[in-house]
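These are my notebook entries on a structure that I wanted to read slowly, one part at a time. I begin with a sheet, go on to the helices beside it, and then turn to the domains and the ligand.

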Amino acid sequence: MKQKKNATEKPTKKIEQLEKNSWQVEGSTMKTNQGLKVNDTNNSLKAGERGATLLEDFLLREKISHFDHERIPERIVHARGSGAHGYFELYKPIPEYTKAGIFNDTKRRTPVFVRFSTVAGSKGSPDLARDVRGFATKFYTEEGTWDLVGNNMPIFFIQDAMKFPDLIHSVKPEPNNEIPQAASAHDTFYDFVSHTTETLHNHIWAMSDRAIPRSLRMMEGFGIHTFRFINKEGESHFVKFHWKPKLGVHSVTWDEAVKINGADADFHRRDLWEAIEAGHFPEWELGVQLIPQKDEHKYDFDLLDPTKLIPEEMVRVKIVGKMTLNRNPENFFAETEQVAFLPGHIVPGIDFTNDPLLQGRLFSYRDTQLSRLGSPNFHQIPINRPVTEGHNNQRDGHMQMDIPKGQTAYFPNTLSGGCPHLSKMAEGGFTHYEERIDARKIRNRSESFNDHFSQPALFYRSLSNWEQEHVAGAYTFELGKCTQQPIKERMLWIISQIDIDLAKKVAKGLGMKIPKNIERPINQAIGADADVKKHQPGAKKNYLDKSPALSQAETKFDSIATRQIAVLAGDGFSMKNFKKMKSVLEKEGAMLKIVAPMGGTIKCDENMEHKVDAAIMTTESVLFDAVYIPGGKKSIKALGENSKYLKFVNEAFKHCKAIAVDGEGEEFLKKTYAAKHTDDKAVFVNEEAAAFKEAIQQHRNWDRMEIAEQVPA
Ligand code: HDE
């Protein structure tokens, strides 16, 4: 494997291991898979120049046949993904909670591979679909591989694995016509959701800005389920895992998402790739919420219920370490596509709980890899190999890559000296937490899982005004795409049970009335009326009024690192102004891109040549975080001659982005919708670069939202 230009750090043990399976295209000679040197790969073997191709042509057969089998089944969910390598470092040992090596040794740099994904779309679907994002991390620890297979939202749609196929069948394209791709806004999904009130919490998160992140590098990650930490004494603590991005949690607007999908369907994938190539390595801190075993029943929700979160204001998130992603994969298929995550991959010091969703996942992931990767030896694929090799008596199967030596493949044996021998506990052998169980075998749901409404309501209450507006807009859009009136009515009634103001806004947008009450038969046949009553919070309700940690308005706004700034300029732009802006913004890690009327190079008013990053016809406003127009008479005239520049600025204004103009740039601004709003706190005319920087740092000026909506861009 070639050393990455930007990797100044020592490769991790995992990268060294992967290098053994890599080969370099540059400098290599073409050979068949058998090592035979090839001197013609353009022509098949024929009976005469114009004759039929001969069956004998083994070169043609090898090439075509391999090609015919190049695809493997895409993941049934999370098909669209992007991966990166990196490492995890611990800040401070936490032996009182867990004996896991990764949480006890601050000298270790545990290699990781992370795969981010959308859930519903196919492998080639656009990145900005409204959807939950997968956030799966493979820790290659010295005690074995630990997979933390999470999402960017802290809860899930359903409480029991038994319902997963129904949930996914409802959200996927409809089975008769395979429409729509990568979208939840259709009848079958809302048919299911409106009859399954346990989905409402994750659903309202999916209607929030969390479902349209600005970048994969700017989203949180969650293990969702309650797991266990086990310490050396065998004591258990419940634990929830949180990833906190160093860049804060930021999103785009829905109008941008729709447009980004057309302008650059690979927006998130490209953003992650380019940030790593440029040496802006994304970082997340790992936090844990810890609950002593004795507090298992302290809360008004069940810790085993994956549709509930523990508000951070109730149990603080203790930050324990940091993950850095510093290397792009060498080969998408070999690494990002073939990586296999299994929630069942744990290490001593970490254990499961009886969360019925987690329990089902423990079966599903191994099962799916068998058909996706085609062999029980999928753990031998380089990206899936642990850094500490596994030895046991499992043998053979498709594509066995190892050559276990010796006469025996069973245990116990004497012929191989009893090897592979068992590990003693003192040597790190794994045992399960000995949970006491005394129960009847039943097919039922615990009553402690009943409340489906408190937490969606808490989430909505905790959002800022602009976030609430976005949620209302999302419900209106999604239900507006449904064609069946009874489905919309059921949804409206259910939303009214979460928050009546929210329901009113959605009803207005849909041109409908909220059904008066439950007497209206929702669906007698399946007893949905009764369900809604049963799942109300009831008397037992001591939730917080608000949980500020749930709002993106409370995130970090302290950096402009990696923000993309469009510099709209043509020949003759003011070098003095540009230099002033560039020095301030680039010092803080922002990336300035010259968007010129044509590709190639342009000259500034000091007669220097500058490389054009994008010709205006090849790019769009939605691909940038902010816009800067330096002065320069000739340059401003050129911008005025191409109407797309006007659209560019109007869209930036519509999307509440920071806009700065200098010198003659003011003339151009006057033609845009921003002209009347120069008092806007993110529109700058001949002002200090530092003020523009501050505004970019704020991500968006949401105060502009109402005016922005009037902009017909
Ligand atoms: Fe998954 N999920 N899931 N899921 N999931 C898969 O496994 C499944 C759930 C998540 O980048 C599949 O290898 C069931 C919760 C991520 O490769 C499959 C249930 C959470 C990824 C599967 C759930 C997730 C998957 C498809 C309910 C967050 C992508 C391909 C019991 C905590 C991993 C594969 C990657 C992938 C099953 C629910 C996250 C079919 C049955 C909850 C991030 O096995």
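Entry 1, the sheet. I looked up how the strands are arranged in this predicted model, and I found six strands in an open sheet, which follow one another in the order β15-β12-β11-β16-β17-β18 and pair in the parallel sense. I then asked myself which strands stand at the edges. They are β15 (614-615) and β18 (683-685), and because each of them has a single partner strand, one side of each is left without a neighbour in the sheet.

Entry 2, one pair of strands. I chose β11, residues 564-568, and β12, residues 591-596, and noted that five bridges join them in a parallel pairing. To have one example that I could find in the picture, I followed I565 across to β12, where L592 is its bridge partner.

Entry 3, helices across the sheet. I looked for helices that lie across these strands, and I noted α15 (residues 575-587), which lies across β11, β12 and β16 (626-629) and runs at about 145° to β12. I also noted α19 (residues 689-697), which lies across β16, β17 (658-661) and β18, with an angle of about 165° to β17.

Entry 4, the domains. I checked how the protein chain is divided, and wrote down domain 1 as 1-41 + 69-412 + 458-555 and domain 2 as 557-709. Their C-alpha centres are 36 Å apart, and the contact between them takes 15 residues from domain 1 and 12 residues from domain 2. On the side of domain 1 that touches domain 2, α6 (254-263) and α11 (465-480) each supply at least two residues, and the largest share, five residues, comes from α6. When I sorted the residues of that side by class, I had five nonpolar, five polar and five charged.

Entry 5, the ligand. How many residues surround the ligand? I found 25, and the closest are R75, H78, G134, A161 and S364. The elements that give two or more residues to this shell are β2 (110-118), β3 (133-141), β4 (144-151) and α9 (356-372). I then wanted to know which element gives the most, and this is α9, with six residues. By class, I recorded 13 nonpolar, nine polar and three charged residues in the shell around the ligand.

Definitions and conventions. Residues numbered from 1 in each chain as written. Predicted model: local features only at pLDDT ≥ 70, side-chain atom pairs only at ≥ 80, totals over all residues. Near = placed C-beta within 6 Å. Helix = DSSP H or I, 4+ residues; strand = E, 2+ residues; numbered from the N terminus. Nonpolar A, V, L, I, M, F, W, Y, C, P; charged D, E, K, R; others polar. Pairing = 2+ DSSP bridges. Contact = placed C-beta atoms within 7 Å. Axes fitted to C-alpha atoms, helices over the stretch in contact; angles between N-to-C directions. Domains from an automatic or database assignment.
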